[in-house]
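Here are some notes to read with the picture open beside you. Take them one at a time and find each residue as you go.

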Amino acid sequence: MTVKELLLKELEDITDPLLVEVLDYLRYLKFRQAEDTDDLREARAALAEAKQEGTISWEDVKAQAGL
């Protein structure tokens with residue numbers, strides 16, 4: 001039996017209030033996965049930019065920020 005089939009079987013046996021909680025949690029997981037994908041994409045773009053343009057020292061960053 002596939003995971004999807006097992007989930008569907010379990011869903012058949014639970015109450016509506018619990019179904020609402022399961023739905024909310026599933027939506028949360030999908031949202032978090034999308035956020036993780038976006039974060040990874042941004043990190044890769046930043047790394048590519050750093051490789052292309054070079055980097056600056058931490059001391060220079062602090063000086064530019066006025067720290």
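**Notes on the model**

1. Let's start with one residue: Lys-62 is partly exposed, with a relative accessible area of 26%. On this scale buried means under 20% relative accessible area, exposed means over 50%, and partly exposed is in between (1.4 Å probe, protein chains only).

2. Before going on, some ground rules. This is a predicted model, where local features need pLDDT of at least 70 and side-chain atom pairs count only at pLDDT 80 or more, while totals for chains, interfaces and linings use all residues. Residues are numbered from 1 along each chain as its sequence is written, and side-chain values use heavy atoms, with hydrogens and water left out.

3. What does Lys-62 pair with? Its partner is Glu-59, and the two side chains form a salt bridge at 3.3 Å, N to O. (A salt bridge is a side-chain nitrogen of Lys or Arg within 4 Å of a carboxyl oxygen of Asp or Glu.) Both residues sit in helix H3 (residues 58–65), 3 residues apart, about one turn of the helix. An α-helix has 3.6 residues a turn, so residues three or four places apart point the same way.

4. Stay with H3 for a moment. It is hardly covered, with 0 buried residues among its 8. Right after H3 comes Gly-66, whose phi is positive, near 75°.

5. Now zoom out. The protein has 3 helices and 0 strands, giving the pattern α-α-α along the sequence. Helices (H or I, at least four residues) and strands (E, at least two) are DSSP runs, numbered from the N terminus.

6. How does the overall shape look? The radius of gyration is 22 Å, whereas a compact globule of 67 residues would have one near 11 Å. That radius is taken over C-alpha atoms, and the globule rule is 2.2 Å times the number of residues to the power 0.38. The C-alpha trace spans about 60 × 30 × 10 Å along its principal axes, and buried residues make up 0% of the 67.

7. The structure has 2 salt bridges in total. Besides the pair in H3, Arg-41 forms one with Asp-38, where the closest N and O atoms are 2.9 Å apart. Arg-41 and Asp-38 are 3 residues apart in helix H2, so about one helical turn separates them. Asp-38 counts as partly exposed, at 35% relative accessibility.

8. Next, look for the negative patch: Glu-35, Asp-36, Asp-39 and Glu-42 gather there on the surface. Patches are made of residues with over 30% relative accessible area and no salt bridge; like charges are joined within 9 Å, and nonpolar side chains (Val, Leu, Ile, Met, Phe, Trp, Tyr) within 5 Å. Glu-35 is found in helix H2 (residues 16–53) and is partly exposed, with a relative accessible area of 39%.

9. Finally, there is a nonpolar surface patch of about 290 Å², made by Leu-8, Leu-11, Leu-18 and Val-22. Areas like this come from the Shrake-Rupley method with a 1.4 Å probe; for residues, only the protein chains shown count as cover. Helix H1 (3–12) and H2 each supply at least two residues of the nonpolar patch. Val-22 lies in helix H2 and is partly exposed, with a relative accessible area of 36%.

Key
Lys, Arg positive; Asp, Glu negative; His and termini not counted. Charge placed at Lys NZ, Arg CZ, Asp CG, Glu CD.
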